[in-house]
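Me: I'd like to practise reading a structure with you, one feature at a time. Could you give me the general idea first and then the case at hand?

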Amino acid sequence: MRKSVKRAIAITATAAVVGVAGTAAYAAWIAKGEGNAYAKAGQAQDLKITEATTAATLYPGATGDSVIKIKNPNSYPVEINTIKWTQSDGVTATPLSGSTCINTGIYFGDFSTGTIGSDGLLSGLALQLGAGETKTFKLTDSVRMINNSEDGCQGATFSIPVKVTGASAAK
């Protein structure tokens, strides 16, 4: 066989091998698609306010502390920024045995600027509650007993119905 025929066969064979190899490499297909991803938001649960005890800090004409115990049943942390008492909701007294305390003379709010207070609103708070956490907070100078409180209110414990407002503190 001639040299040129051998060379032509070798070149043709090499081209055939490269072509097959190129076809094999090109056989990997590209796949594309479009669609939507899905997620579902949880549903916020109301914060629960439960009983808390406090030390005696009140007497007629004095501003004292209150205590609030709050449970966060949510799966995310919450920051409470306001607590609101509405005067028409009143205040309930649990007087000492044998006493009565109908006219409590108790007001709730921010009394830092005077004896009148903030109409039952504590704002600008940053009370942190973790997910599923129950925590007790001391609210300094948040309650005032005015001078017309009955004598039977001495030693009484006062229950003040409030509403708390906060927002998710998840980061």
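Me: Let's start broad. What percentage of the residues of the chain count as buried?

Reply: Keep in mind that this is a predicted model. Of the chain's 171 residues, 23% count as buried. The chain exposes about 12,000 Å², and carbon and sulfur atoms supply 54% of that.

Me: How many helices and strands does the secondary structure of the chain come to?

Reply: There is 1 helix, and there are 10 strands. Read from the N terminus, the order of elements is α-β-β-β-β-β-β-β-β-β-β. As for contacts between residues at least 6 apart in sequence, 79% of them join residues at least 24 apart.

Me: On to sheets. What is the order of the strands in the open sheet?

Reply: The general idea is that strands of a sheet pair through backbone hydrogen bonds, either parallel or antiparallel. Here, an open sheet of 4 strands runs S1-S2-S8-S5, with antiparallel pairing. Strand S1 (48–50) and S5 stand at the edges with a single partner strand each, so one side of each has no neighbour in the sheet. On average, neighbouring strands in this sheet are turned by 45° against each other, direction ignored.

Me: How many bridges join S1 to strand S2?

Reply: S1 and S2 (residues 63–71) run antiparallel and are joined by 3 bridges. For one bridge to look up, take Ile49, whose partner in S2 is Ile70.

Me: Now aromatics. How many aromatic pairs does a search of the whole structure find?

Reply: Such a pair is described by the distance of the ring centres and the angle of the planes. The whole structure gives 1 aromatic pair. The rings of Trp85 and Tyr107 have centres 5.9 Å apart and planes at 90°, and planes over 60 degrees apart count as edge-to-face, so that is what this pair is. It links distant parts of the chain, with Trp85 in strand S3 (residues 78–85) and Tyr107 in strand S5 (residues 106–108), 22 residues apart.

Me: Is Trp85 buried or exposed?

Reply: Trp85 is buried, at 4% relative accessible area. Its partner Tyr107 counts as partly exposed, at 28%.

Me: What does the side chain of Ser142 make a polar contact with?

Reply: The side chain of Ser66, at 2.6 Å. Ser142 lies in strand S8 (residues 134–145) and is buried, with a relative accessible area of 1%. Leaving out residues up to four places away in sequence, Ser142 touches several residues, including Asp65, Tyr107, Phe108 and Leu122.

Me: Back to the backbone. Which value is phi of Asp119 near?

Reply: In general, most residues other than glycine have a negative phi. Phi of Asp119 is near 55°, a positive value in a residue other than glycine. Asp119 sits in the loop between S5 and strand S6 (121–122) and counts as exposed, at 59% relative accessibility. Asp141 also has a positive phi, near 50°. Asp141 is found in strand S8 and counts as partly exposed, at 41%.

Me: One last stop: where is Pro77 found?

Reply: In the loop between S2 and S3. Pro77 is partly exposed, with a relative accessible area of 28%. The C-alpha atoms of Pro77 and Ala169 are separated by 5.1 Å, though the two residues are 92 apart along the chain. Beyond residues up to four places away in sequence, Pro77 touches, among others, Asn72, Leu129 and Ala169.

Notes. Residues are numbered from 1 along each chain as its sequence is written. This is a predicted model: local features need pLDDT of at least 70, side-chain atom pairs count only at pLDDT 80 or more; totals for chains, interfaces and linings use all residues. Side-chain values use heavy atoms; hydrogens and water are left out. Rings of Phe, Tyr and Trp (its six-membered ring) pair if their centres lie within 6.5 Å; planes under 30 degrees apart count as stacked, over 60 as edge-to-face and the rest as tilted. Helices (H or I, at least four residues) and strands (E, at least two) are DSSP runs, numbered from the N terminus. Buried means under 20% relative accessible area, exposed over 50%, partly exposed in between (1.4 Å probe, protein chains only). Two strands pair if DSSP finds at least two bridges between them. Axes are lines fitted to C-alpha atoms, for helices over the stretch in contact, and angles run from 0 to 180 degrees between N-to-C directions. A polar contact is a pair of N or O atoms within 3.5 Å; within protein, one must be able to donate a hydrogen and the other to accept it, and residues adjacent in sequence count only if both atoms are side-chain atoms. Contact means heavy atoms within 4.5 Å. Accessible areas come from the Shrake-Rupley method with a 1.4 Å probe; for residues, only the protein chains shown count as cover.
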